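Work through the exercises below with the model open. Each task is followed by its solution.

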Amino acid sequence: MSSKPMDQVTWQEIEPGAILTEPGSARGYNTGDWRSQHPVWTKSRCIRCGVCWTVCPEGGITEEPGGYFDMNTYCKGCGICAKECVTGCISMVPEEE
Ligand code: SF4
Ligand code: SF4
C-alpha cells in the first residue's frame, strides 16, 4: 500500500480489488464531504444523555466540553441521530444551510 495521501495515489498504485490493508485508514479523510444534509442541535433541549453519540454509525458525533454533542467531519447525514434523540432536539437541515 502506498504511503501517499489517497488523493495523490494513481490507479496503478491501488491494491488489487481496492483492498484496505490498514485498519482505521478513513480517519485521515473528510469522509462526510458528500452528505446532502446534516444534524443541528438545539442545546437548550438536550439532556446530555449521549444516545445520539451511541447510535451514530459513522463516528460522526463528538462530545463537547460540558457534555453536549455536535457533528464532526465524519457525519454522512443519515439522520439516525435525529430520529433517535430522546428529546427531539436534533434537526436535519440541507447541507447548504
Ligand atoms: S446524521 Fe448520521 S452520520 Fe451524521 S451524526 Fe447523525 S447519526 Fe451520525
Ligand atoms: S440524544 Fe438528544 S438529548 Fe440525548 S445527548 Fe443526544 S441530542 Fe442530547
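Strands (E, at least two residues) are DSSP runs, numbered from the N terminus. This is a predicted model: local features need pLDDT of at least 70, side-chain atom pairs count only at pLDDT 80 or more, and totals for chains, interfaces and linings use all residues. Residues are numbered from 1 along each chain as its sequence is written, ligands are numbered from 1 in the order in which they are written, and side-chain values use heavy atoms, without hydrogens and water.

**Exercise 1.** Place Ile-61 and list its contacts.

*Solution.*
- Step one: Ile-61 belongs to strand E2, residues 61-63.
- Step two: its relative accessible area is 7%, so Ile-61 is buried (under 20%, 1.4 Å probe, protein chains only).
- Step three: look for contacts (heavy atoms within 4.5 Å). Beyond four places in sequence, the partners of Ile-61 include Trp-41, Cys-52, Phe-69 and Cys-81.

**Exercise 2.** Which residues make up the largest nonpolar core?

*Solution.*
- Step one: such a core joins buried Ala, Val, Leu, Ile, Met, Phe, Trp, Tyr and Cys residues through side-chain atoms within 4.5 Å.
- Step two: the core has 11 residues: Trp-41, Cys-46, Cys-52, Cys-56, Ile-61, Phe-69, Cys-81, Ala-82, Cys-85, Cys-89 and Ile-90.
- Step three: check Trp-41. Among its contacts more than four places away are Cys-52, Ile-61, Phe-69, Cys-89 and Ile-90.

**Exercise 3.** Find the residues that surround each ligand.

*Solution.*
- Step one: count residues with a heavy atom within 4 Å of the ligand.
- Step two: ligand 1 has 13, the closest being Cys-56, Cys-75, Cys-78, Gly-79 and Cys-81.
- Step three: ligand 2 has 14, the closest being Cys-46, Cys-49, Gly-50, Cys-52 and Cys-85.

Key: Buried means under 20% relative accessible area, exposed over 50%, partly exposed in between (1.4 Å probe, protein chains only). Helices (H or I, at least four residues) and strands (E, at least two) are DSSP runs, numbered from the N terminus.
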